[in-house]
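This report addresses selected local features of one protein model. The sequence and coordinates are shown first.

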Amino acid sequence: MLTASKNVIEEGDPLLIVFPDGVSYLVSVRSARKLGIHRGRPIELGDLIGRSYGDWLDCGGAKAILLEPTLEDFIMKARRESGIIYPKDAAMIVMKLGIRSGSRVIEIGTGSGALTLALAAQVAPEGRVYSYDKRDDFLKLARENLEKAKLVSYVDLSKRLEHEPFSETEVDAVVSDVPEPWLEVDVIKSGLKNGGRLSVLNPTYNQIERASEALQAAGFVGLEAMEVLVRGILVRPGKTRPEQRMVGHTEFILFAVKPAL
């Protein structure tokens, strides 16, 4: 679980090295390991053991600040072989589904594990994420990303083909990130507790429309669809304005609730 209980860098700790120009590196601190950087001399990672988060590091020609990585850092810098769920969407999902420590959550479509990271951080230390994917390479990659964030102990990663029933029942929430979620409605319904919440993620209008129809036909209620957009502000004395680029469309999110039937 991500904590801020200590401020001294130790062997094996994750570390974010941030330069003033915005370039950053997420590493695991290991003795006898070097990190090549875009400016300045390579960093001897073993020399950082015993330093404090927040310290400045002189790299010769540039200084960098040593920071404890946040969940966003782990998500955005996760190794990926597929598209990821962005923090803006993950934050909305965990809020709307009411996921918290102790929650039991099924995730359909692990992918590279970006959303899995967010779910694991929320359910820890008492809850569990049961994440499924049909591809072994995705499950392996997700495990590596979870291990880097020290969250793997809160997740069960399993291979599953489409439409197969889940071993888990009475879970608090289900998150689906697969191309045809309407084909999973029956098994989702079997796994969710009464009053449990569901989130479906898809990139096109046609997909969320079809998913919505299938959920309504299966008796789900409280359907709500949305898109989360984030636009930064360029803050400068006397000429503050919105940035020209923004994190726009990534996924549409459809929410629903399973009532007692």
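The sections below treat a sheet, a helix, a buried acidic residue, salt bridges and backbone geometry in this predicted model.

## The four-stranded sheet

Four strands form an open sheet in the order β2-β1-β6-β5, and their pairing is antiparallel. The edge positions are taken by β2 (24–28) and β5 (56–58); each has a single partner strand, so one side of each lacks a neighbour in the sheet. On average, neighbouring strands of this sheet are turned by 30° against each other, with direction ignored.

Strand β1 (residues 14–18) and strand β6 (residues 63–67) run antiparallel and are joined by 3 bridges. Within this pairing, L16 has L67 of β6 as its bridge partner.

## Helix α2 and its surroundings

Helix α2 spans residues 87–96, and its buried residues are P87, K88, D89, A90, I93 and V94. These buried residues pack against two helices, α1 (71–76) and α3 (114–123), and against the strands β10 (171–176), β11 (192–202) and β15. Just after α2, G98 adopts a positive phi of about 70°.

Two of the buried helix residues carry opposite charges and pair with each other: the side chains of K88 and D89 form a salt bridge with an N to O distance of 3.1 Å. Both K88 and D89 are buried.

## The buried residue E251

E251 is located in the loop that connects β14 (241–242) with β15 (252–257). What is the nearest side chain of opposite charge to E251? It is K88, at 9.2 Å, and E251 is buried without a salt bridge. Since a salt bridge requires a nitrogen-to-oxygen distance within 4 Å, the separation of 9.2 Å between E251 and K88 does not qualify.

The side chain of E251 does reach the backbone nitrogen of N202, at 3.2 Å. Beyond its neighbours within four places in sequence, E251 is in contact with I85, D89, D177, L201, N202, P203, M226 and E227. One of these contacts, D89, is also a buried residue of α2.

## Salt bridges

The model contains 14 salt bridges. One of them joins the side chains of K34 and E44, with 3.6 Å from N to O. K34 belongs to strand β3 (residues 34–35) and E44 to strand β4 (residues 43–44), so this pair ties together parts that lie 10 residues apart in sequence. K34 counts as exposed, because its relative accessibility is 59%, whereas E44, at 33%, counts as partly exposed.

A further pair is formed by the side chains of R51 and D55, at 3.2 Å from N to O. R51 is partly exposed, with a relative accessible area of 25%, and D55 is partly exposed, with a relative accessible area of 25%. In addition, R79, K140 and E144 are linked in a network of salt bridges.

## Backbone geometry

Most residues other than glycine have a negative phi, and most peptide bonds are trans. Where does the model show a cis peptide bond? The bond from A124 to P125 is cis, with omega near 0°; P125 lies in the loop between α3 and β8 (128–133).

Positive phi values occur at K150, near 60°, and at H163, near 75°. K150 is found in the loop between α4 (136–148) and β9 (155–159) and is partly exposed, with a relative accessible area of 42%. H163 is placed in the loop between β9 and β10; at 41% relative accessibility, H163 counts as partly exposed.

Notes: Residues are numbered from 1 along each chain as its sequence is written. This is a predicted model: local features need pLDDT of at least 70, side-chain atom pairs count only at pLDDT 80 or more; totals for chains, interfaces and linings use all residues. Side-chain values use heavy atoms; hydrogens and water are left out. Two strands pair if DSSP finds at least two bridges between them. Axes are lines fitted to C-alpha atoms, for helices over the stretch in contact, and angles run from 0 to 180 degrees between N-to-C directions. Buried means under 20% relative accessible area, exposed over 50%, partly exposed in between (1.4 Å probe, protein chains only). Lys and Arg count as positive and Asp and Glu as negative; His and the chain ends are not counted. A polar contact is a pair of N or O atoms within 3.5 Å; within protein, one must be able to donate a hydrogen and the other to accept it, and residues adjacent in sequence count only if both atoms are side-chain atoms. Contact means heavy atoms within 4.5 Å.
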